[in-house]
Amino acid sequence: VLSGEMCPPGLKHLCDKLGISRRVIASDSVSFQLAPTINSAGRLGEPFTAFTALADNEDNSEKAVQKLISLNKKRKKLCLDDLDLALSIIRKYSYNRDYSIIIVGEFNDGLMGIIASRLVEIYNLPAIVFCKDSSEPGMIKGSGRAPDNFDLYRVLCSCSRFLKKFGGHSAAAGMSIDEKYFDLFAAAFDETSKRVIEDGKRLHQNSQNQKKDIELPVSEALNPILVKNILQLEPLGEAN
């Protein structure tokens, strides 16, 4: 319940502005409303706005919350523009990698991870989006995302000879590379991805523990006791 003295006033304002009940905040409200709105400030180079919104100051927080919401709207528009750019690059160059999506372009560096996630959703392949590194001439930096059952970090480790630096985990990673090694890296990544994906398909076919969908009549699915029990399992997400 976000109503007590320990709750920052800005968080209360943000919930109210987003139409989120402060009595019971579901994990999807955090994942798809609160967190993206707060994160938009850092993604667009204004992290202090988020700090101000969440600071314990009633006078400043309300104005900062309004700025956060404005930044998030801008972030959504930029994401759409960058996704259109990514798809146009893929179409323009008659994309010929079968096991990964790796592109470089004039993307907003704070949004590349989101764009990579969208490409994973569209193509169901690991995706890495690169842009020029303004702080280091000749270098490009990238953000990658991976579909289920694909260890992105492991594949990057196998291609690390081409990377200046990288870090992350199985589902998401960031990296930096000299432009002159981009094509070599992309080819090596795609070849390794091929082995990982094909090995995964074989394991899935042979597995006795495959995921199963459960079909329920609407009357059972909306049973209040069942709904309450599922909500008690939150937060839902990776590995849950």
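Helices (H or I, at least four residues) and strands (E, at least two) are DSSP runs, numbered from the N terminus. With that in hand, we can place Ser 176, which sits in strand β5. What you are looking at is a predicted model, where local features need pLDDT of at least 70, side-chain atom pairs count only at pLDDT 80 or more, and totals for chains, interfaces and linings use all residues. Residues are numbered from 1 along each chain as its sequence is written, and side-chain values use heavy atoms, with hydrogens and water left out.

Is Ser 176 buried or exposed? Ser 176 is buried, with a relative accessible area of 4%. Here buried means under 20% relative accessible area, exposed over 50%, and partly exposed in between (1.4 Å probe, protein chains only). Leaving aside neighbours within four places in sequence, Ser 176 is in contact (heavy atoms within 4.5 Å) with residues including Asp 133, Met 139, Leu 163 and Lys 165.

Now for the start of the chain. Helix α1 covers residues 9-18, and Pro 9, Gly 10, Leu 11, His 13, Leu 14 and Cys 15 are buried there. Their cover includes α2 (27-43), α3 (47-54) and α4 (58-92). Just after α1, Gly 19 takes a positive phi of about 75°.

Next comes the nonpolar core, a set of buried Ala, Val, Leu, Ile, Met, Phe, Trp, Tyr and Cys residues joined through side-chain atoms within 4.5 Å. The largest one has 43 residues, and Leu 119, Phe 130, Leu 156, Phe 185 and Phe 189 touch the most other members. Helix α7 gives the largest share of this core, 7 residues. Apart from it lies another core, of 15 residues, among them Cys 7, Ala 41, Leu 44 and Leu 71.

Two of these phenylalanines deserve a second look. Phe 185 and Phe 189 are both buried, and they stand 4 residues apart in helix α7, so about one helical turn separates them. Rings of Phe, Tyr and Trp (its six-membered ring) pair if their centres lie within 6.5 Å; planes under 30 degrees apart count as stacked, over 60 as edge-to-face and the rest as tilted. The whole structure holds 5 aromatic pairs. In the pair of Phe 185 and Phe 189, the ring centres are 5.8 Å apart and the planes are at 45°, so this pair is tilted. Together with Phe 130 and Phe 182, they form one aromatic cluster.

Some backbone angles are worth a stop too. Most residues other than glycine have a negative phi, and most peptide bonds are trans. Two asparagines have a positive phi:

| Residue | Phi | Loop | Relative accessible area |
|---|---|---|---|
| Asn 124 | near 55° | between α5 (112-123) and β2 (127-132) | 56%, exposed |
| Asn 149 | about 65° | between β3 (139-145) and α6 (152-158) | 77%, exposed |

A cis peptide bond, with omega of about 5°, joins Glu 234 and Pro 235. Pro 235 lies in the segment after α9 (224-231).

Finally, which residues form a nonpolar patch on the surface? They are Ile 214, Leu 216, Leu 226, Ile 230, Leu 233 and Leu 236, with about 560 Å² of accessible area together. Ile 214 lies in the loop between α7 and α8 (218-221) and counts as exposed at 74% relative accessibility. Such patches are made of residues with over 30% relative accessible area and no salt bridge, where like charges are joined within 9 Å and nonpolar side chains (Val, Leu, Ile, Met, Phe, Trp, Tyr) within 5 Å. A salt bridge is a side-chain nitrogen of Lys or Arg within 4 Å of a carboxyl oxygen of Asp or Glu.

Key:
Areas by Shrake-Rupley, 256 points an atom, 1.4 Å probe, with all protein chains shown as cover.
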